[in-house]
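Q: Could you take me on a close look at the largest pocket, and then at salt bridges elsewhere in the fold? I'm new to this, so please keep it plain.

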Amino acid sequence: LAPGSVPFVPPGVECDEKTVFTSDGGLKLEFVPEYVAIVGSGYIGLEFSDVYTALGSEVTFIEALPDLMPGFDREIAKLAERILIKPRPIDYRLGVFASKVTPGIPGVKPVTIEMIDANTKEHVETIEVDACMVATGRSPATMDLGLENMDIETVRGFVQTNDQMQVLDGPDGKVVDGLWCIGDANGKYMLAHAASAQGISAVENMVGREHTVNHEHVPAACFTHPEVAFVGLNEAQAQERAEAEGWTLGKSVGHFRANSKALAENEADGVAKVLFKTETEEIVGVHIIGLHAADLIQECANAMAAGTTVREIAMMVHTHPTLSEVLDSAFKGAVGMAAH
């Protein structure tokens with residue numbers, strides 16, 4: 001099973017895919033809205049805000065949680081706000097739901113958005129915009145698969161699987177013989193390359209070569225200018241795990257402003273942050289914001305998957321002058337060395 005997912009539209013939001021639209025409609029937009037609201041400030045919303053502001057639009061984020069970019073490492077999110085939000089015509093409302101969104105008519109009638117407090121549910125504001133993008137995540141496309149005919153219980157539509165991608169008949173249930181599920185439909189990690197890895201893993205298991213995907217070693221990226229990318233745990237998660245398991249969290253940061261290629265490209269904003277276990281020097285997470293972060297993160301993901309320690313990778317030679325030296329600086333700093 002690999003049915004994928006569809007954009008999630010919250011209750012009260014009416015999508016006409018013209019003035020109120022999901023990411024699907026956003027890719028087919030026939031006009032550039034002067035003023036656009038984006039409901040949700042995750043990866044999809046942030047990427048589209050990057051596009052709209054580049055085309056001349058003003059943007060307002062409507063975010064239900066107390067912080068912008070809730071899925072990001074907090075330190076990286078604050079940097080992203082400084083680099084990607086504040087210099088641009090973007091404002092935001094935090095801690096509010098878009099309780100009712102009514103489509104408009106381009107050039108004739110605005111879109112109206114009613115907002116309520118996320119906690120009290122009281123009305124706080126109504127705004128009018130030229131367009132509204134709904135970027136509130138995605139839902140598994142499993143409604144019409146006939147799973148109920150096989151007595152397979154899903155969780156919010158997500159098919160439950162074991163680590164070998166075999167379908168279970170419910171949460172902590174039994175294996176359904178001969179049935180596998182990969183990608184967004186199982187909800188393990190809703191990224192295209194994660195789905196591909198799961199597909200390969202499923203086939204390996206089908207032919208008797210046991211294999212599992214470690215999702216903590218799967219990188220993710222947000223394609224803004226500059227890009228944001230990460231692999232593994234964020235700092236809060238790493239600290240929580242360190243306290244639970246009895247190890248000490250180490251952190252080292254490399255700066256794009258100290259990198260000759262970033263300076264030559266006039267793209268000196270950004271950092272690379274490496275998180276590791278100080279006792280064993282195992283890398284547990286890497287977070288990057290900066291030029292070509294989505295490409296740079298792959299070295300880190302490969303190192304984590306291969307079990308390479310931060311000391312071992314600190315001794316590996318990085319090409320000069322390249323952006324990879326930002327990571328080299330962070331790796332070396334983790335073990336008390338200096339690149340220069």
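A: **The largest pocket and some salt bridges**

Lining the largest pocket are 47 residues, and Tyr43, Ile44, Thr136, Gly137 and Arg138 lie nearest its centre. (A pocket is an open set of points on a 1 Å grid where a 1.4 Å probe fits, with protein on both sides within 12 Å along at least five of seven lines; lining residues have an atom within 4 Å of a point.) Keep in mind that this is a predicted model: local features need pLDDT of at least 70, side-chain atom pairs count only at pLDDT 80 or more, and totals for chains, interfaces and linings use all residues. Residues are numbered from 1 along each chain as its sequence is written, and side-chain values use heavy atoms, with hydrogens and water left out.

The pocket holds about 1,500 Å³ of space. Several elements each bring at least two residues to its lining, including helix H1 (23-26), strand S4 (58-63), strand S6 (96-102), strand S10 (138-140), helix H4 (192-206) and helix H7 (293-306). Helices here are DSSP runs of at least four residues, and strands of at least two. The biggest giver is H2, with five residues in the lining; this helix spans 43-54.

Stay with H2 for a moment. Asp50 in this helix pairs with Arg88, which sits in the loop between helix H3 (74-85) and strand S5 (90-94), 38 residues apart. The two form a salt bridge, their closest N and O atoms being 2.5 Å apart. (That term means a side-chain nitrogen of Lys or Arg within 4 Å of a carboxyl oxygen of Asp or Glu.) Asp50 is buried at 6% relative accessibility, while Arg88 is partly exposed at 22%. Buried means under 20% relative accessible area, exposed over 50%, and partly exposed in between, using a 1.4 Å probe and protein chains only.

The whole structure has 14 salt bridges, and another one is worth a visit. Glu235 and Lys273 meet at 2.7 Å, N to O. Glu235 belongs to helix H5 (residues 235-245) and Lys273 to strand S16 (residues 271-277), so this pair ties together parts 38 residues apart in sequence. Lys273 is buried, with just 1% relative accessibility, whereas Glu235 is partly exposed at 25%. They aren't on their own, either: salt bridges with shared partners join Asp73, Glu75, Glu235, Lys251 and Lys273 into one network.

One more pair to look up is Arg74 and Asp67, whose salt bridge has its closest N and O atoms 4.0 Å apart. Arg74 is partly exposed at 32% relative accessibility, and Asp67 is partly exposed too, at 39%.

Notes
Grid points are joined across faces, edges and corners, and a volume is the space filled by probe spheres set on the points.
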